[in-house]
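Colleague: Could you take me through this one before I plan my afternoon?

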Amino acid sequence: MLRDPGDMAAAEALAEQARRGANPPPAPSPHWKLEQFLESSSNRMAVRAAAAVVAEAGGKYNPFVVVGASGTGKTHLLHGLGNALAAGGGVVACLGAHEFVDELIAAIDRDATTAWRARYRAVDAFLLDDVHLV
């Protein structure tokens, strides 16, 4: 795109994409869907709250925090919620705390925190698994 002087529009679009951050944040895993999550008496409140988040994104449950023991399905619920929000046309970032912190440290090392921040500011929903590890 940058080799054709007659196609300035494409070159400008490419430059704008680079300014915004060419690689989008990690999306939720497509393997976990909210409708496949099994509701039980122990997780009923979290599952219904997640459904309310999808129905009214950014409204009632914002921030939405799920706390529970290891192995209870929190990650499945988080990715399912992310997929449901993305299906509505939103840009969803979904990643673990370790990955998030590693990205930040790498951005600091490269002196690229502005681009790193822009990458996450452009999302409609930010879902962070294992937030307690930050």
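**Charged pairs**

Modeller: Arg119 is a good place to start, since this residue is buried at a relative accessible area of 14%, where buried means under 20%, exposed means over 50% and partly exposed lies in between, using a 1.4 Å probe and protein chains only. Please keep in mind that this is a predicted model, in which local features need pLDDT of at least 70 and side-chain atom pairs count only at pLDDT 80 or more, while totals for chains, interfaces and linings use all residues. Residues are numbered from 1 along each chain as its sequence is written, and side-chain values use heavy atoms, with hydrogens and water left out.

Colleague: Which side chain does Arg119 meet in a salt bridge?

Modeller: That would be Glu103, at 3.0 Å from N to O. The pair links distant parts of the chain, with Arg119 in helix 5 (residues 113–121) and Glu103 in helix 4 (residues 97–109), 16 residues apart. The helices here are DSSP runs of H or I with at least four residues, the strands are runs of E with at least two, and both are numbered from the N terminus. Glu103 is buried as well, with a relative accessible area of 16%.

Colleague: How many salt bridges does the count come to?

Modeller: The count comes to 3, taking a salt bridge as a side-chain nitrogen of Lys or Arg within 4 Å of a carboxyl oxygen of Asp or Glu. Glu39, Arg44 and Arg48 are linked in a network of these bridges: Arg44 meets Glu39 at 2.8 Å, N to O, and the closest N and O atoms of Glu39 and Arg48 are 3.1 Å apart.

Colleague: Are those residues buried or exposed, say Arg48?

Modeller: Arg48 counts as exposed at 53% relative accessibility, whereas Glu39, at 36%, is partly exposed, and so is Arg44, at 34%.

Colleague: Changing topic, which residues of helix 2 are buried?

Modeller: Those are Ala46, Val47, Ala49, Ala50 and Val53. They cover an arc of only 165 degrees around the axis, taken from the directions from the helix axis to the C-beta atoms, which puts them on the same side of helix 2. On the other side of this helix, Met45, Arg48 and Ala55 are exposed.

Colleague: Why would buried residues line up on one side like that?

Modeller: As a general point, an α-helix has 3.6 residues a turn, so residues three or four places apart point the same way.

Colleague: And what covers the buried residues of helix 2?

Modeller: The cover includes helix 3 (74–87), judged by contacts, meaning heavy atoms within 4.5 Å. Helix 3 has its own buried residues, among them Leu77, Leu78, Leu81 and Leu85, and its buried residues pack against helix 2, strand 1 (92–96) and strand 2 (125–129).

Colleague: What are the lengths of the two helices?

Modeller: Helix 2 (residues 44–55) has 12 residues and should span 16 Å, while its end C-alpha atoms are 17 Å apart, which agrees; the expected span is 1.5 Å times one less than the number of residues. Helix 3, with 14 residues, reaches 20 Å from its first C-alpha to its last, close to the expected 20 Å. Just after helix 3, Gly89 takes a positive phi of about 100 degrees.

Colleague: In what sense do strand 1 and strand 2 pair?

Modeller: They pair in the parallel sense over 5 bridges, where pairing requires that DSSP finds at least two bridges between the strands. One of the details is that Leu95 has Leu128 in strand 2 as its bridge partner. Strand 1 is largely enclosed by the rest of the structure, because 4 of its 5 residues are buried.

Colleague: Last topic, then: how many aromatic pairs turn up?

Modeller: The search of the whole structure finds 5, with rings of Phe, Tyr and Trp (its six-membered ring) pairing if their centres lie within 6.5 Å, and with planes under 30 degrees apart counted as stacked, over 60 as edge-to-face and the rest as tilted. Phe100 and Tyr120 form an edge-to-face pair, 5.6 Å centre to centre with 80 degrees between the planes. Phe100 lies in helix 4 and Tyr120 in helix 5, so the pair ties together parts that are 20 residues apart in sequence. Tyr120 also forms an edge-to-face pair with Phe126, at 5.6 Å centre to centre and 90 degrees between the planes.

Colleague: Which residues form the aromatic cluster?

Modeller: Phe100, Trp116, Tyr120 and Phe126 form one cluster. Tyr120 counts as buried at 10% relative accessibility, while Phe126, at 35%, counts as partly exposed.
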